[in-house]
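Trainee: Could you take me closely through one part of this model, beginning with a single buried side chain and working outward? I would like the terms spelled out as you go.

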Amino acid sequence: MGVLPWVCLYGFRRHAAYPLASVAEAFTNTVFGFIRAYVLLALWDARPGLGGYDAADAVTFCFLTQALIGPVQIFGGMDLSRRIRDGDVAIDLHRPVDLQLWWLADDLGRAAGALLLRGGPPLLAGALVFPFHRPGPAASAAFAVSLALAFLVGFALRYLVTLGAFWLHDDRGLSTVATVLSLFFSGMILPLVVFPGAFGDVAAALPWSALIQVPADVWLGAGTGTDVAAALAFQAWWAAVLLAAGALVTRAARRKLVVHGG
């Protein structure tokens, strides 16, 4: 067993160490899910069939977004940013493991912990109270693949933002901008299908849509006219592009690193 599976395992254990905190976060996400669901039901009551969704699709989308907040890490950055600011990243760069792969393994462990402890309650609550779209076996399998790709894209985006600290010495401003973009263009606030015309087409083509909008459409499946194979290929393409960009920026960061004190 190589080192990276152990990094993933310990990442899972670290982020699952406080289950009561995760339960509280899941409860909060569920409450906000109910608030958003009623807003969306009012919108779809006024505009039936908006964006190709019916009311059940819209509510399902709402609770999927609430379930995915933690796993794809819409809010928040990475512990790596603190290590860059403190200079501890010099130790990471001396490990016989690629920096990006190390933190990817750690983040996959974090995502698995968040999915296990925070993802289920919002979905269960939404399915019990509202009209809900339940995928069949094939759609469920496709959603599992889409979710894994969403983890990769989410990590790759946050990793690139975090590496900005090598040049800016503090990535918090950059992280704030990235969070706003993630909220708006992932579908977290509203499904991207309601965005009009060319603006909606551009939003759907950006990498943030691979975090929530695409997995949700894969879950909803043929009812919304989703080409599942094309959706998965879109996510895989962005994951490959962003991870390749992360590898290139990591190389540049190695030459840029300055540790205060020597």
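Mentor: Helices here are DSSP runs of H or I of at least four residues, and strands are runs of E of at least two, numbered from the N terminus. This is a predicted model, in which local features need pLDDT of at least 70 and side-chain atom pairs count only at pLDDT 80 or more, while totals for chains, interfaces and linings use all residues. Residues are numbered from 1 along each chain as its sequence is written, and side-chain values use heavy atoms, with hydrogens and water left out.

Let us begin with Phe 130, which sits in the loop between α6 (99-129) and α7 (137-163). Phe 130 counts as buried because its relative accessibility is 8%, where buried means under 20% relative accessible area, exposed over 50% and partly exposed in between, with a 1.4 Å probe and protein chains only. Setting aside residues up to four places away in sequence, Phe 130 touches Phe 34, Ala 37, Tyr 38, Leu 41, Val 59 and Phe 63, a contact being heavy atoms within 4.5 Å. Of these, Tyr 38 is 92 residues from Phe 130 along the chain, yet their C-alpha atoms are separated by 9.7 Å.

Helix α3 (residues 55-68) is the next element to consider. Its 14 residues should span 20 Å at 1.5 Å a residue, and the end C-alpha atoms are 20 Å apart, which agrees; the expected span is 1.5 Å times one less than the number of residues. Because 13 of the 14 residues of α3 are buried, the helix is largely enclosed by the rest of the structure.

Within this helix, Cys 62 is buried, with a relative accessible area of 0%. Phe 61 is buried as well, as is Tyr 53.

Phe 63 leads on to the largest nonpolar core, which has 48 residues, and Phe 63 is among those that touch the most other members, together with Val 72, Leu 123, Val 153, Leu 211, Ile 212 and Trp 219. Such a core is a set of buried Ala, Val, Leu, Ile, Met, Phe, Trp, Tyr and Cys residues joined through side-chain atoms within 4.5 Å. The elements giving two or more residues to this core include α2 (19-46), α3, α6 and α7. Leu 211, leaving aside neighbours within four places in sequence, is in contact with residues including Leu 68, Val 72 and Val 153.
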